[in-house]
Amino acid sequence: MIINKTRRINTIYLSGLPSRCISVYLYLADHLDKEYKCWPAIKTIARSLSLSYRTVSMSLQELKKAGWIQIEKRNRPSGANTTNIYRLFKEDNSRQGTRL
């Protein structure tokens with residue numbers, strides 16, 4: 001697992017993505033469960049990284065567009081929004097959607 005994590009980190013640094021995207025990706029990677037998913041609030045990510053809510057939101061969309069993450073929207077039973085679920089993908093298979 002350490003080798004895969006190190007390889008993933010090295011690859012994200014070489015991805016050409018802006019540093020704000022890399023920071024958000026690494027934050028998500030540090031909060032993964034055993035199924036390689038996490039669900040922090042955008043506000044929590046922003047506070048932890050000293051970034052604005054909008055910067056984090058845009059970074060998540062860029063990571064999704066580049067194939068690094070999948071974003072699953074969730075709603076409460078009442079229909080109100082709740083935190084998204086973020087899934088991270090392997091650096092070498094991100095375009096095919098292979099999970100880590």
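Helices α2 and α4 are roughly perpendicular to each other in this predicted model. Two packed helices are described by the angle between their axes and the distance between the axes. Here helix α2 spans residues 19-30 and helix α4 residues 53-65, and they pack at an angle of about 85° with their axes 9 Å apart. That angle lies within the range of 65 to 115 degrees that counts as roughly perpendicular, which is why the pair is described this way.

Let's look at what fills the crossing. From α2 come Arg20, Cys21, Val24, Tyr25 and Leu28, and they meet Thr55, Val56, Met58, Ser59, Leu60, Glu62 and Leu63 of α4. Sorted by class, this contact has 8 nonpolar, 2 polar and 2 charged residues.

With that pair in view, turn to helix α3, residues 42-49. Which of its residues are buried? They are Ile42, Ile45 and Ala46. Seen down the axis of α3, these buried residues fall within an arc of 100°, so they line one face of the helix. The general geometry is helpful here: an α-helix has 3.6 residues a turn, so residues three or four places apart point the same way. The other side of α3 carries Lys43 and Arg47, both exposed. And what do the buried residues of α3 pack against? Their partners are α2, α4 and strand β3 (85-88), so α3 brings us back to the two helices we started with, α2 and α4. Just after α3 comes serine 50, which takes a positive phi of about 55°.

Now follow the chain beyond α4. The loop between α4 and β2 (69-72) holds alanine 66. Is this loop residue buried or exposed? Alanine 66 is buried, with a relative accessible area of 18%, and the cut-off for buried is under 20%. Its C-alpha atom is separated by 9.3 Å from that of serine 15, although the two residues are 51 apart along the chain.

Finally, step back to the whole chain. The protein chain has 4 helices and 3 strands, and read along the sequence they follow the pattern α-α-β-α-α-β-β. Of its 100 residues, 37% are buried. Among contacts between residues at least 6 apart in sequence, 48% join residues at least 24 apart. The chain exposes about 6,200 Å², and carbon and sulfur atoms supply 50% of that area.

Note on methods:
Residues numbered from 1 in each chain as written. Predicted model: local features only at pLDDT ≥ 70, side-chain atom pairs only at ≥ 80, totals over all residues. Heavy atoms only, no water. Buried < 20%, exposed > 50% of the residue type's maximum accessible area, 1.4 Å probe, protein only. Contact = heavy atoms within 4.5 Å. Areas by Shrake-Rupley, 256 points an atom, 1.4 Å probe, with all protein chains shown as cover. Axes fitted to C-alpha atoms, helices over the stretch in contact; angles between N-to-C directions. Parallel < 35°, antiparallel > 145°, perpendicular 65-115°, else oblique. Nonpolar A, V, L, I, M, F, W, Y, C, P; charged D, E, K, R; others polar. Arc of directions from axis to C-beta.
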